[in-house]
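Got the model open in your viewer? Let's walk through it one selection at a time.

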Amino acid sequence: MGSTEDLDYPQIILQYSSGFLVSKVMFTACELGVFDLLLESGEPLSSDAIAACLGTSTTGMERLLDACVGLKLLAVELTQGGALYRNTEISNIYLTKSSPKSQYHIIMYYSNTVYLCWHYLADAVREGRNQYERAFGVSSEDPFGAMYRSEGEMLKFMAGQNSVWSICGRDVLAAFDLSVFKQIYDLGGGGGALAQECVSLYPNSTVTIYDLPKVVQVAKERFVPPEEHRITFHEGDFFNDSIPEAELYILSKILHDWDDDKCKQLLSKVYTACKPGGGVLLVESLLNEDKSGPLETQLYSMNMLVQTEGKERTAEEYSRLLEAAGFGDIRVKRTGKLYDAVLGRK
């Protein structure tokens with residue numbers, strides 16, 4: 001590692017200052033349909049052709065395409081007729097709507113919802129609460145009421161979460177051998193992508209998605225195929241309604257939405273409902289014990305500030321929450337990816 005004298009601090013600060021520009025370039029190219037068009041065309045296209053197909057200005061599109069080339073999202077070939085653009089492999093896999101691993105929906109959720117909340121980050125830091133009221137004019141008292149403030153918003157959020165689990169789900173579900181658990185409840189299971197990964201990985205298990213009635217309805221209609229009989233549904237609010245008995249409960253990106261008291265309340269209910277010998281699997285992005293990183297998790301924790309009542313935590317902090325509810329034999333597995341796994345047993 002070089003000395004501090006080797007670092008170009010002014011350049012680093014400038015890169016940090018303009019980091020949001022990178023996100024907006026990718027958001028805009030996705031929203032306008034650049035990557036989908038280039039995939040469907042089957043051949044490289046000029047900026048004029050892309051602009052004409054997508055109904056944009058030629059000057060604006062040319063600059064957007066060149067910025068995408070700089071980000072390695074597009075490749076360019078200079079011909080006698082001019083520059084021709086095509087998708088890179090990463091864009092075909094992750095940025096086109098039709099790809100099984102598409103991240104289009106979570107990117108659009110970040111662009112249209114999360115990004116607007118972050119505009120009020122300074123207010124969130126001053127006040128210590130989410131910024132839905134300033135960003136969208138809806139009450140900050142009920143984070144999920146704000147997130148699900150319309151059917152369209154709810155659909156975007158569910159599709160976005162599904163896209164995350166399409167690339168991260170198997171890693172967290174394979175972190176421990178869960179084949180001993182035949183009856184699984186996915187609390188707050190949303191659009192069902194993690195449940196589908198679970199029954200694929202553990203075909204002798206069944207998974208019940210427990211979520212709010214309107215979420216369950218959309219999951220049935222839009223996301224979980226009716227022929228998948230290993231996945232069933234339970235409508236309810238896990239804070240206010242009873243939690244049925246099961247062998248394993250999965251809480252994926254649930255506890256990070258809530259403060260410690262709410263987490264203890266939920267985990268205590270889960271412990272009471274859990275069969276003896278059963279367990280709970282927490283899927284979260286874990287901070288280092290000294291909270292020095294990872295950077296992605298630190299940024300997620302800032303996002304929890306502007307959007308929810310919760311925060312990201314260390315493995316030890318989650319372990320203490322589990323122990324307070326009665327769980328023991330707690331094991332932690334860092335996957336090396338965005339999300340990690342913590343397993344507690346009853």
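Select His 256 and show its side chain: that side chain reaches the backbone oxygen of Lys 253 at 3.2 Å. Keep in mind that you're looking at a predicted model, so every distance on this tour is computed from predicted coordinates. To get your bearings, His 256 sits in the loop that runs between strand 6 (246–252) and helix 14 (260–273). An unreviewed UniProt entry annotates His 256 as "active site", and that annotation may be inferred rather than shown by experiment.

Is His 256 buried or exposed? Its relative accessibility is 6%, and because the cut-off for buried is under 20%, His 256 counts as buried. Now bring up what surrounds it. Leaving out neighbours within four places in sequence, the contacts of His 256 are Glu 284, Met 304, Thr 308, Gly 310, Lys 311, Glu 312, Arg 313 and Tyr 318.

Next, go to Ser 102, in the loop between helix 6 (89–94) and helix 7 (104–118). A polar atom of the Ser 102 side chain lies 2.8 Å from the backbone oxygen of Thr 96. Ser 102 also counts as buried, at 6% relative accessibility. Setting aside residues up to four places away in sequence, it touches Ile 93, Tyr 94, Thr 96, Lys 97, Ser 163 and Ser 166.

Time to zoom out. Colour residues 4–95 as domain 1 and 171–345 as domain 2, following the domain assignment. The centres of domain 1 and domain 2, taken over C-alpha atoms, are 36 Å apart.

With those colours on, which residues have the most contacts inside the largest nonpolar core? Select Trp 165, Leu 187, Tyr 249, Leu 251, Leu 266, Leu 281 and Leu 282; the whole core has 95 residues. Helix 11 (residues 151–173) gives the largest share of this core, 8 residues. Domain 1 and domain 2 both contribute residues, so the core lies between them. In soluble globular proteins, nonpolar side chains tend to be buried together.

Pick out Leu 281 for a closer look. Not counting neighbours within four places in sequence, its contacts include Val 172, Leu 173, Phe 176 and Leu 178. Also among them are Tyr 249 and Leu 251, two of the core residues you just selected.

Now for some backbone oddities. Most residues other than glycine have a negative phi, and most peptide bonds are trans. Show the bond between Gly 293 and Pro 294: it's a cis peptide bond, with omega about -10 degrees. Pro 294 is in the loop between strand 7 (274–284) and helix 15 (295–307). Lys 291 lies in the loop between strand 7 and helix 15 too, and its phi is positive, near 60 degrees. Lys 291 counts as partly exposed, at 40% relative accessibility. Then jump to Asp 329 in strand 8 (residues 328–333), where phi is also positive, near 45 degrees. At 54% relative accessibility, Asp 329 counts as exposed.

Last stop: helix 4 (residues 47–54), whose buried residues are Ser 47, Ile 50 and Ala 51. Look down the helix axis: these buried residues fall within an arc of 100 degrees, so they line one face of helix 4. They pack against helix 3 (34–41), helix 5 (58–70) and strand 2 (82–87). On the face turned away from that buried side, you'll find the exposed residues Ala 52 and Cys 53. Finish at Gly 55, which follows helix 4 and has a positive phi, near 70 degrees.

Key:
Residues are numbered from 1 along each chain as its sequence is written. This is a predicted model: local features need pLDDT of at least 70, side-chain atom pairs count only at pLDDT 80 or more; totals for chains, interfaces and linings use all residues. Side-chain values use heavy atoms; hydrogens and water are left out. Helices (H or I, at least four residues) and strands (E, at least two) are DSSP runs, numbered from the N terminus. Buried means under 20% relative accessible area, exposed over 50%, partly exposed in between (1.4 Å probe, protein chains only). Contact means heavy atoms within 4.5 Å. A polar contact is a pair of N or O atoms within 3.5 Å; within protein, one must be able to donate a hydrogen and the other to accept it, and residues adjacent in sequence count only if both atoms are side-chain atoms. Domain bounds come from an automatic or database domain assignment. A nonpolar core is a set of buried Ala, Val, Leu, Ile, Met, Phe, Trp, Tyr and Cys residues joined through side-chain atoms within 4.5 Å. The arc is that of the directions from the helix axis to the C-beta atoms.
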